[in-house]
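Here is a protein to explore together. Take a look at the chains first, and then we'll walk through a few of their features.

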Amino acid sequence: MSQRIKMVEREPNIRNKDFEEVNLGYTDEQALLEAKRCLHCKNPMCMTGCPVEVNIAEFIHYLANNDQAGAIKIIKDKSNLPAVCGRVCPQEKQCESKCILGIKQEPIAIGNLERYAADWASKNIKEEKYNIKPNGKKVAVVGSGPAGLTCAGDLAKLGYDVTIFESLHDSGGVLRYGIPEFRLPVAVLDKEVESLKNLGIKFIFNYLIGRTKTVEDLLEEGFEAIFVGTGAGLPTFPGVEGENLNNIYSANEFLVRINLMNAFQFPEYDTPVHKGKNVVVIGGGNTAMDSVRTAKRIGAETVKLVYRRTQNEMPARLEERKHALEEGIEFIELTAPTKFIADDKGFVKAVECVKMKLTEPDVSGRRKPIEIEGSNFIIETDLVVLALGLNPNPILPSLTKGLETDKKGHLIVDDKFMTTRKGIFAGGDIAGGSTVIQAMGMGKQAAKNIHKYLNN
Amino acid sequence: MFKIIKKEVLSSVIKSFEIEAKDIAKNIKPGQFIVLRLNEKGERFPLTVAGTNLEKGTIKIIFQEAGKSTTQLGTLKEGDYIRDIVGPLGQPTEIKNFGTVVALAGGVGTAELLPVISALLKAGNKVITIVGARNKSLLLMQEELKEHSSELLVATDDGSYGIKGFVTTVLADVIKKEKVSIVYAIGPVPMMKAVSNMTKDYNLKTLVSLNPIMVDGTGMCGACRVSVNKEIKFACVDGPEFDGHLVDWEELTNRLRAFKENEKLALEKYKDILNMECKCHKE
């Protein structure tokens, strides 16, 4: 059997100075070779690992026959954002983890192939107008992140008249303000959004549902169902002394300034950001990885990632961790911040940390980090980014009657993704999802159920 | 795109715009704000709304040119467009009959005070409004304030109009004479802090409308966090109004300085461009 074809990556010491993509994508030959590794199982397991139900075996079959157009058609039948998924999905935990090849050797590179097909299509296929028969029913989608875009796309394909209301001035939600360009180029996202507009979806920006207009207003205007995908909101802070000093940002603030507002190009762009020389990022998820790698790219001399457990427990994808290490990020494991120390002007100049150790696994198998007393030490820094997670955005739930939330503030949904209020559905972070692909999966299921709901 | 339909120059640095924004006009309540972005390269910045015209579907903003964005905003003319405006944002002011309300404003905060006192007066309160400015020429909207207050008191630093002194000087007097139920203050941080410090001695509940640095303004980035009673609050969704006795003023003052150097640079660079354009136009 042939080896899995690795995607060519740019040199770490070159790529860590710009925002160009890290992975360069497959050539036609590479894609063909990789696709031909597929065993074409009678009962392909890969598909069971895909939250948006892409017919993986089928699209790879087309690619193995050098039919890229056929492949993308199969993918687009289920996924509204193939170029995004091919780049940011954790395939190793999903489709690829189910691949039978993975038992004896490496699984087929489904993510790479999906990206290849999507990029091929964007270069070679002129976006065609879909021939959709309108069914005359209006649905509102609140939020244009991965959940909203997926739900809107599926509903539009079914003939619904879909309007997306977005509170920011541009589309994509976390795909634009959160995920940096070196993982997901803006041009790729713009192209995906363009495809969705070709389905007839209308986008209204600068529109905060709950405030600019209420859910009640939308219902009165004739929207027969509403999908809420308002995403994650307020960042979590560690609750230690000095956390509100200047030059301590939440990861959301740091990434929004840079990704959405182009702050690294200040003063050409109006939004500033402090370009730290010695940066400390606290956390171990994908957002922490995006933060360390972004800090490096805007000119940091040293970037340290401080995490209270070890690399093995980090929620971040293996690929992101690997890329970060290659790019010169230092991981300081088993360490937690205890205090942020100010200079005489109120800006952070150091973080005091304490070493941690992990307890024996508890019944759930989780090892808890506990402080090692007296192990405190100081890291000097001029920019701290806190990537400790987010709470669901409270605005829409708190301003809409009949929407119940759980203790953490997530909208409660049933198995049909309907909230506690009839006709209002939800998915993504606001309903307890936590990754892009989860959000897309929830958006997809919600679309199906909205269709059922409106046809009963 | 949001069209500017009327522009008024209130002083050399204070301008007033009426902007078409039908849905915002319809739903905004006193105390709420909007976030603007002037163009593709612009930053997002918050401004409190000074009034609405429901028939015309317009909102009114009154702002002081301080940094680059407000200076640039000031150069726009009637018929020009602002690229992005989102709102209304933040929690509205609680409007009910408290009894006697003392409402204080300093500088451009005066404009933002108007919708609040207007609603409070309608709700049956006795509204004593105190406004302050450095001198007479900087006083704003005296007629409107008078119309929406039970009593209007003015302080100028140099004594060129009203009482010589600060709004706190006047407030001290009022507290001694009247049975005040609640105090409301909007303006520069040092003024709101001074008011809160004074009313604390009288155990007189004081609401302040805070203006920390914001980016998205919709509860996402945490830039606008303030410590209130030692707890993190987000001015964009929990505020902008908080109990002035519980706000960590020192921290807020410090956080407002976070981008001072950048702001200076951006403004200088922008003024150079403006000067260049002026010269070009003359040629």
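A residue is called buried when under 20% of its relative accessible area is left, exposed when over 50% is, and partly exposed in between (1.4 Å probe, protein chains only). Helices (H or I, at least four residues) and strands (E, at least two) are DSSP runs, numbered from the N terminus. With that in hand, take strand β7 (residues 84-89) of chain B: six of its six residues are buried, so we can call the strand mostly covered.

Before going on, some housekeeping: this is a predicted model, where local features need pLDDT of at least 70, side-chain atom pairs count only at pLDDT 80 or more, and totals for chains, interfaces and linings use all residues. Residues are numbered from 1 along each chain as its sequence is written, chains are lettered from A and ligands numbered from 1 in the order in which they are written, and side-chain values use heavy atoms, with hydrogens and water left out.

**Strands in chain B**

Strands of a sheet pair through backbone hydrogen bonds, either parallel or antiparallel. Two strands pair if DSSP finds at least two bridges between them. Here are two such pairs:

| Strand pair (chain B) | Bridges | Direction | Facing residues |
|---|---|---|---|
| β3 (residues 33-37) and β7 | four bridges | antiparallel | B:L36 and B:I85 |
| β13 (residues 206-209) and β16 | three bridges | antiparallel | B:V208 and B:F242 |

Now for a bigger picture: seven strands of chain B form an open sheet with mixed pairing, in the order β11-β10-β9-β8-β12-β13-β16. Its edge strands, β11 (163-164) and β16 (241-243), each pair on one side only.

Helices join in too. Helix α3 (residues 109-122) of chain B lies across β8 (100-106), β9 (126-133) and β12 (182-186), and runs at about 165° to β8(B). Such angles run from 0 to 180 degrees between N-to-C directions, with axes as lines fitted to C-alpha atoms, for helices over the stretch in contact; contact means heavy atoms within 4.5 Å.

**Chain A**

Chain A has 17 helices and 16 strands. Buried residues make up 58% of its 456 residues. Along its principal axes, the C-alpha trace spans about 65 × 60 × 55 Å.

Which helix of chain A holds A:E194? That's α11, covering residues 186-198. A:E194 counts as partly exposed because its relative accessibility is 43%. Its C-alpha atom is separated by 36 Å from that of A:G328, 134 residues apart along the chain.
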